[in-house]
Amino acid sequence: MPEAEQVDPEGGARTPPHTGVLAEFGQLAAAVKELFGAQLELLSAEIGLARSAISWMLLAGLAATIAGVGLGLTLLALVGVLLAKWFASWVWALLALAVLQLVFLLVAIVFFRRCMHWMTLPATRTEWSAMMRETRARARRRVEREDAA
């Protein structure tokens, strides 16, 4: 005998209550939807915040670069003035400053090249190469044993 529809206190018809495993699956689905719905809302809000933060990061990076260049130029001018007082000649002071900058540039280039070398993962490549040579030698020995047998 089918279950009779229950009536809402407001006078509307309600669907019959679910029973058993089907009701539990429905509750589980609703709970999962509620849980992941909240997580998706949080993820959406965080992605929006991160998207906004990228623009502000770029702007802050630009401001820091401009300030850094300004500070660098100011410090170079200060060193130039101090060297001019020390050498008692602007020509010698500027020449010494140029040599200092050239040395700094060469050190930066050497360091950059060293970092590029580290990015090639030399130890990993050496280990990988040794492992491949060992595997190839083992395979050759196995083939030679099979041919000899």
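These legends accompany several close-up views of a predicted model.

**View 1. The whole chain, from its N terminus onward.** Let's start with the overall layout: the chain has three helices and two strands. Followed from the N terminus, the order of these elements is β-β-α-α-α. How many of the 149 residues count as buried? Just 5% do. The accessible surface of the chain comes to about 13400 Å², and carbon and sulfur atoms make up 71% of that surface.

**View 2. Confidence along the chain.** Before looking at details, it helps to ask how far the prediction can be trusted. The mean pLDDT of the chain is 86, with 87% of the residues at 70 or more. Where is confidence lowest, and where is it highest? Strand S1 (residues 6–7) has the lowest mean, 52, while helix H2 (residues 90–119) has the highest, 94. Where pLDDT is low, the predicted coordinates should not be read in detail.

**View 3. Helix H1 from end to end.** Helix H1 covers residues 21–87. With 67 residues at 1.5 Å a residue, H1 should span 99 Å, and the 93 Å between its end C-alpha atoms agrees with this. Look for the buried residues of H1, which are Ala-23, Gly-80, Leu-83 and Ala-84. Part of what covers these buried residues is H2.

**View 4. Ala-88, in the loop between H1 and H2.** Right after H1 comes Ala-88, which sits in the loop that leads from H1 to H2. What is special about its backbone? Phi of Ala-88 is positive, near 60°, in a residue other than glycine. Most residues other than glycine have a negative phi, so a positive one is worth a second look. Ala-88 counts as exposed, with a relative accessibility of 68%.

**View 5. Helix H2, its start and its buried residues.** At the start of H2, look for Ser-89: one of its side-chain oxygens reaches to within 3.4 Å of the backbone nitrogen of Val-91. H2 has 30 residues, and from its first C-alpha to its last it reaches 43 Å, close to the 44 Å expected. Which residues of H2 are buried? They are Ala-93, Ala-96 and Leu-97. Helix H1 is included in what covers them.

**View 6. Leu-121, in the loop between H2 and H3.** Here is another loop residue to find: Leu-121 follows H2 and lies in the loop between H2 and H3. Its phi is near 55°, a positive value in a residue other than glycine. Is Leu-121 exposed or partly exposed? At 48% relative accessibility, Leu-121 counts as partly exposed.

**View 7. A salt bridge in helix H3.** The structure holds one salt bridge. Which side chains meet in it? They belong to Arg-138 and Glu-134, with 3.1 Å from N to O. Side chains of opposite charge can pair when their charged atoms come close. Both residues lie in helix H3 (residues 122–148), and because they are four residues apart, about one helical turn separates them. An α-helix has 3.6 residues a turn, so residues three or four places apart point the same way. Arg-138 is partly exposed, with a relative accessible area of 38%. Glu-134 is partly exposed too, at 48%.

Terms used
Residues numbered from 1 in each chain as written. Predicted model: local features only at pLDDT ≥ 70, side-chain atom pairs only at ≥ 80, totals over all residues. Heavy atoms only, no water. Buried < 20%, exposed > 50% of the residue type's maximum accessible area, 1.4 Å probe, protein only. Areas by Shrake-Rupley, 256 points an atom, 1.4 Å probe, with all protein chains shown as cover. Salt bridge = Lys/Arg side-chain N within 4 Å of Asp/Glu carboxyl O. pLDDT = per-residue confidence, 0-100. Expected span 1.5 Å × (residues − 1). Contact = heavy atoms within 4.5 Å. Polar contact = N/O pair within 3.5 Å; in protein donor to acceptor, adjacent residues only side chain to side chain.
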